[in-house]
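Biologist: I would like a close look at one part of this protein, and I would rather have one connected account than a list. Please take the part I point to and work outward from there.

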Amino acid sequence: MSIDDPAVVEQAVVDPRSRPVVVGALIVGATLIGITFGVPKGSTAFYLAGFALAATWLVAFALVPSRIRPHRRLLADIAAGLGAGSTMFGVFLAGAWVLSRIPLLDEAISDVFTTADTSTMAWVVALAGVNAVAEELFF
């Protein structure tokens, strides 16, 4: 087997002991997202659940043994991440616009935006920023 073989590279990068941590983090993360949407907008519970979500991603990232992939280039990875992030922002923005035209879904989308509007902007930006970094590290 050669190091150029994708199976060898993947085997070197993924540690089977990390799977329970990843699955646990995904379950806890999904639960916290649900809690975040279920608490009163702008409440302390909203921020606690949001920052707990970021902590979940960060703890899981710290617990999963990872290795640097020698065949990867840092600048190419950064460019790919920025490109994918920008593309997904456009997809979600377009999706929100399209779905807001459907009366049944308009209320749900308005509810999400109201959460941000009824909160202190600095806290919402901090929460979004911390979660963005934590998610990128984990995923």
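**A close look at helix 2 and its partners**

Among the contacts between residues at least 6 apart in sequence, 73% join residues at least 24 apart. Which helices do the buried residues of helix 2 pack against, and which residues make up the largest nonpolar core?

Modeller: Please keep in mind throughout that this is a predicted model. The protein has six helices and zero strands, so that, read from the N terminus, the order of elements is α-α-α-α-α-α. Of its 139 residues, 22% count as buried, and the accessible surface comes to about 9800 Å², with 72% of that area belonging to carbon and sulfur atoms.

Helix 2 covers residues 19–38, and its 20 residues should span 28 Å at 1.5 Å a residue, which agrees with the 29 Å between its end C-alpha atoms. Within helix 2, the buried residues are Ala25, Gly29, Leu32 and Thr36. These four cover an arc of only 70° around the axis, and therefore they lie on the same side of helix 2. The face turned away from that buried side carries Arg19, Pro20, Ile27, Phe37 and Gly38, which are exposed. As for your first question, the buried residues of helix 2 pack against helix 3, which runs over 44–63, and against helix 6, which runs over 121–138.

Helix 6 can be read in the manner used for helix 2. Its 18 residues should span 26 Å at 1.5 Å a residue, and the end C-alpha atoms are 25 Å apart, which agrees. Val124, Leu127, Asn131, Ala134 and Phe138 are its buried residues. Because they cover an arc of only 105° around the axis, these residues are placed on the same side of helix 6. On the other side of helix 6, the exposed residues are Met121, Ala122, Val125, Val133 and Glu136.

Your second question brings these helices together. The largest nonpolar core has eight residues, namely Ala25, Leu32, Leu53, Ala54, Trp57, Ala60, Ala134 and Phe138. Helix 2, helix 3 and helix 6 are the elements that give two or more residues to this core, and the largest share, four residues, comes from helix 3. A second, separate core has five residues, including Val39, Phe46, Val124 and Leu127. Returning to the largest core, Leu53 is one of its members, and if its neighbours within four places in sequence are left aside, Leu53 is in contact with Gly29, Leu32, Ile33 and Asn131. Of these partners, Gly29 and Leu32 are among the buried residues of helix 2, while Asn131 is among the buried residues of helix 6.

The aromatic residues add a further layer to this picture, for the structure holds four aromatic pairs. One of them joins Phe51 and Trp123 in an edge-to-face arrangement, at 6.2 Å centre to centre and with 80° between the planes. This pair links distant parts of the chain, since Phe51 belongs to helix 3 and Trp123 to helix 6, 72 residues apart. Phe51 counts as partly exposed because its relative accessible area is 27%, and Trp123, at 49% relative accessibility, is likewise partly exposed. Another pair, formed by Trp57 and Phe138, is stacked, at 5.0 Å centre to centre and with 25° between the planes. Here too distant parts of the chain are linked, with Trp57 in helix 3 and Phe138 in helix 6, 81 residues apart. Trp57 has a relative accessibility of 4% and therefore counts as buried, and Phe138, at 13%, counts as buried as well. Phe46, Tyr47, Phe51 and Trp123 form one aromatic cluster, and Phe46 is also a member of the second core.

Finally, the chain continues past the stacked pair to Phe139, which sits in the segment after helix 6. Phe139 is exposed, because its relative accessible area is 61%, above the cut-off of 50% for exposed residues. Even so, leaving aside neighbours within four places in sequence, Phe139 is in contact with Leu26 and Trp57. Phe139 and Trp57 are 82 residues apart in sequence, with their C-alpha atoms 8.3 Å apart in space. Trp57 thus has a place in the largest core, in the stacked pair with Phe138 and in the contact with Phe139.

Technical notes:
Residues are numbered from 1 along each chain as its sequence is written. This is a predicted model: local features need pLDDT of at least 70, side-chain atom pairs count only at pLDDT 80 or more; totals for chains, interfaces and linings use all residues. Side-chain values use heavy atoms; hydrogens and water are left out. The expected span of a helix is 1.5 Å times one less than its number of residues. Buried means under 20% relative accessible area, exposed over 50%, partly exposed in between (1.4 Å probe, protein chains only). The arc is that of the directions from the helix axis to the C-beta atoms. Contact means heavy atoms within 4.5 Å. Accessible areas come from the Shrake-Rupley method with a 1.4 Å probe; for residues, only the protein chains shown count as cover. A nonpolar core is a set of buried Ala, Val, Leu, Ile, Met, Phe, Trp, Tyr and Cys residues joined through side-chain atoms within 4.5 Å. Rings of Phe, Tyr and Trp (its six-membered ring) pair if their centres lie within 6.5 Å; planes under 30 degrees apart count as stacked, over 60 as edge-to-face and the rest as tilted.
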